Amino acid sequence: MHLNVTGPSGAPTILFLHAAGTSAWMWRPIAARLELFHCLIPDLPGHGQSAGVPWHSLDDTADQLADLIGRHANAGRAHIVGLSLGAYVALRLVTRHPERCNHIVLSGVNVLPFPHPTLMRLAGCLMLPLMKRDFMVRAQAKALRIPEDQIDEYRFAAKAMSLRAFLRIGNELMTFRAEQDLKRLDHPALVLAGEREQGLIRRSVPELLKALPNAQGYLVPGVGHGWSGEAPDLFARVLQAWFMGQQMPNVMQRVSI
């Protein structure tokens, strides 16, 4: 798995896990704002410079990341930050390897049943031949609100993504649910969703708060799914506050259960 490393090696480590169809580039602006942390930013299997590494499953990816943390993180543990696909991977990582994880941040994850999953799978298969066409990449970038100065990197990552990985990931995420195993964890968990996210993701925040015994949830006003690119200053401030036990920025809207 290709790995980017920034920050002082003796500082607390953050492992950043990117969204599907992107790669480590999406975290570069955030890591640059967290210069006091040691940041591990891999390209997940089937993505970016790890496109030649087969994607087998969420569990297999979590196991590889646990090994990566053990080899590269300060004291063999890391704070985990996952957005979209990365948040699903983060949940499997903390469930399977709690000893490798400190604080957890999950943004843009759905744990509720999808409506008409068979139709959604069919639509995904029909769209598959178009996924790497320039017009489709541009449309996806616009929907995700990818900043203009990151469009070229998004295009490269989208075209590099393994189609086999795309199908396997889609099938896994379609049936993903919050697990009972989460209730035995005491890791501080921050569950986030952009105010402009789809309803299933927003409604998943309280469901995850019920599943995670030591969790807080917030909606982020005015942003969508890929808000790390829309509001990098705010994203970095939220992470720093969570990892350092500080108060959340005032704009954040607390979610209760």
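**Reading burial, helices and contacts in a predicted model**

Me: Ser84 lies in the loop between S4 and H3; what is the phi of Ser84?

Reply: This is a predicted model, in which local features need pLDDT of at least 70 and side-chain atom pairs count only at pLDDT 80 or more, while totals for chains, interfaces and linings use all residues. Residues are numbered from 1 along each chain as its sequence is written, and side-chain values use heavy atoms, with hydrogens and water left out. Helices (H or I, at least four residues) and strands (E, at least two) are DSSP runs, numbered from the N terminus. Phi of Ser84 is near 60°, a positive value in a residue other than glycine. Ala75, in the loop between H2 and S4, is not a glycine but has a positive phi of about 65°.

Me: Is Ser84 buried or exposed, and is Ala75 buried or exposed?

Reply: Buried means under 20% relative accessible area, exposed over 50%, and partly exposed in between (1.4 Å probe, protein chains only). Ser84 counts as buried because its relative accessibility is 15%, whereas Ala75 counts as exposed because its relative accessibility is 73%.

Me: How should I read helix H3, and how many of its residues are buried?

Reply: One can begin with the span, for which the expected value is 1.5 Å times one less than the number of residues. H3 has 12 residues and reaches 17 Å from its first C-alpha to its last, close to the 16 Å expected. H3 is mostly covered, with 11 of its 12 residues buried: Leu85, Gly86, Ala87, Tyr88, Val89, Ala90, Leu91, Arg92, Leu93, Val94 and Thr95.

Me: Against which elements do the buried residues of H3 pack?

Reply: Packing is read from contacts (heavy atoms within 4.5 Å). The buried residues of H3 pack against three strands, S2 (13–17), S4 (78–83) and S5, and against three helices, H2 (58–72), H7 (163–174) and H8.

Me: Where in that picture is Thr95 found, and what does its side chain reach?

Reply: A polar contact is a pair of N or O atoms within 3.5 Å; within protein, one must be able to donate a hydrogen and the other to accept it, and residues adjacent in sequence count only if both atoms are side-chain atoms. Thr95 is found in helix H3 (residues 85–96), and its side chain reaches the backbone oxygen of Leu91 at 2.7 Å. Thr95 counts as buried because its relative accessibility is 5%. Not counting residues up to four places away in sequence, Thr95 touches Glu179, Asp181, Leu182, Arg184 and Leu185.

Me: What does Ser204 add, and with which side chain does its own side chain make a polar contact?

Reply: Ser204 has its place in helix H8 (residues 199–211) and is buried because its relative accessible area is 0%. The side chain of Ser204 makes a polar contact with the side chain of Asn110 at 3.0 Å, and a polar atom of the Ser204 side chain also lies 2.9 Å from the backbone nitrogen of Val111. Once neighbours within four places in sequence are left aside, Ser204 is in contact with Val109, Asn110, Val111 and Leu112.

Me: Turning to the strands, which residues does Val81 touch, and which does Cys101 touch?

Reply: Val81, found in strand S4, is buried because its relative accessible area is 0%. Not counting residues up to four places away in sequence, Val81 touches Ile14, Leu15, Phe16, Leu17, Trp27, Val105, Phe235, Leu239 and Phe243. Cys101 lies in strand S5 (residues 101–107) and counts as buried because its relative accessibility is 0%. With the same sequence neighbours left out, Cys101 touches Arg77, Ala78, Ile80, Leu93, Val94 and His187.

Me: Which residues of helix H10 are buried?

Reply: The general idea is that an α-helix has 3.6 residues a turn, so residues three or four places apart point the same way. H10 (residues 232–243) has 12 residues and reaches 16 Å from its first C-alpha to its last, close to the 16 Å expected. H10 is mostly covered, since nine of its 12 residues are buried, and these are Pro232, Leu234, Phe235, Ala236, Val238, Leu239, Ala241, Trp242 and Phe243. Among them, Phe235, Leu239 and Phe243 are touched by Val81.

Me: What phi does Gly245 take?

Reply: Gly245, just after H10, takes a positive phi of about 70°.
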